Amino acid sequence: MRAAIITFPGSNREVDLARALEAATGHRPLSVWHKESELPDLDLIALPGGFSYGDYLRCGAVAARSPIMTEIARQAGRGVAVIGICNGFQILTEAGLLPGVLMRNKGLAFLCKPVTLEVATRQSVFTSGYEAGQEVVFPVAHHDGNYTIDAEGQKRLEDEDRVAFRYKGELNGSVGRIAGILSTGRNVLGLMPHPEDATEPLQGSIDGKPLFASLAAALG
Amino acid sequence: MRVKVAIGLRPGVLDPEAVAIERSLKGLGFPDVANVKRQKIIELDVGAPDREAALTAARAMCEKLLANPVIESYTIDIA
């Protein structure tokens, strides 16, 4: 698999993500700085977590206007798989590659803990290695994970089976307890929890491994 | 020209921070406080020759970056 991890000023989970991808695929992902405007032919583009531009203005807003995002939108349009985790998810919504927006957590607290999720669909290159309805534990570490979308948009996500992960219990105020969603083409995934930090026993959970294994199986 | 952009949440979008402010004010002895809303004010020089050009520039800035139309609306004030 040819994968690239995009880093922005303030990204901080790119090393964990690279490690998880390399462990699953045997290939070290390319590291790409956000100022680049072109990408080689790729199978996967990954946007890591962190606090790009210090979360100024709105989380992910400034990063979403980086030169590289035009190229990512082009590749996503061609069907290339794109995953955005945590701040990466916020950037994808701000860039319009995924619908909705991540607002301040309902309880206002920064949440940093393992949470139980439900795999809501296995119909994607990211989730095919899970059973539908399977419970998994990934850590979260976010202040702005409160997924917000209007009723019509939410209905569309549900009707089209595009909710990928759901919090098992109420966590941050997200509509429908949504933790992760897919694009209309199902090749773009955004999620707030961190599967890359649930790939080794030392991290307390290995439930994230099937996500990377799914990608490796689908994309080589 | 100096432009002042006020960005707020669209009606119907719940603002957890505004809710917390309202609750706190009630706890401080202002029981009648209601409908608390927060706005972001951004002031900037746009370098436009006249009001119309300033307004056009400010609108474009709001559409491209300053506001997220999914949840926010904005008003533009020109000094």
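What is the volume of the second largest pocket? In this predicted model, the figure comes out at about 270 Å³. A pocket here is an open set of points on a 1 Å grid over the protein atoms alone, with protein on both sides within 12 Å along at least five of seven lines, and its lining residues have an atom within 4 Å of a point. Grid points are joined across faces, edges and corners, and the volume is the space filled by probe spheres set on the points. Of the 16 residues lining this second largest pocket, Val13(B), Leu14(B), Asp15(B), Val36(B) and Lys37(B) sit closest to its centre. Elements E1 and H1 of chain B each give two or more residues to that lining, with H1(B) providing the largest share, three residues. By type, the lining splits into seven nonpolar, four polar and five charged residues. For that tally, Ala, Val, Leu, Ile, Met, Phe, Trp, Tyr, Cys and Pro are nonpolar, Asp, Glu, Lys and Arg are charged, and the others, Gly among them, are polar.

Some housekeeping on conventions. Residues are numbered from 1 along each chain as its sequence is written, and chains are lettered from A and ligands numbered from 1 in the order in which they are written. Local features need pLDDT of at least 70 and side-chain atom pairs count only at pLDDT 80 or more, while totals for chains, interfaces and linings use all residues; side-chain values use heavy atoms, with hydrogens and water left out.

Now for the largest pocket, which holds about 530 Å³ of space. Its lining runs to 25 residues, and Leu57(A), Arg58(A), Glu17(B), Arg38(B) and Lys40(B) lie nearest its centre. Both chains chip in: H3 and strand E5 (101-103) of chain A, plus strand E1 (2-9), H1 and E2 of chain B, each supply at least two lining residues. Helices (H or I, at least four residues) and strands (E, at least two) are DSSP runs numbered from the N terminus. The lining divides into ten nonpolar, five polar and ten charged residues.

Turning to the interface, 16 residues of chain B touch 15 residues of chain A, contact meaning heavy atoms within 4.5 Å. The two chains bury about 1,200 Å² between them, 68% of it on carbon and sulfur atoms; this is the accessible area (1.4 Å probe) lost when the two parts are put together, summed over both. Pro16(B), Leu65(B) and Asn68(B) account for 40% of the area that chain B buries against chain A, more than any other three residues.

Two salt bridges cross between the chains, each a side-chain nitrogen of Lys or Arg within 4 Å of a carboxyl oxygen of Asp or Glu. Glu17(B) and Arg104(A) pair up this way, at 3.9 Å from N to O. On the chain B side, helix H1 (16-27), strand E2 (39-45) and helix H2 (51-66) each give two or more residues to the surface touching chain A. That side comprises eleven nonpolar, one polar and four charged residues.

Over all chains, the salt bridge count is 23. One of them joins Glu71(A) to Arg74(A), with the closest N and O atoms 3.0 Å apart. Both residues belong to helix H2 (residues 67-77) of chain A, three residues apart, or about one turn of the helix.

Finally, the whole structure has one cavity of 30 Å³ or more, a cavity being a set of points where a 1.4 Å probe fits but cannot get out. The space inside is about 50 Å³. Among its lining residues are Cys59(A), Cys86(A), His142(A) and His143(A).
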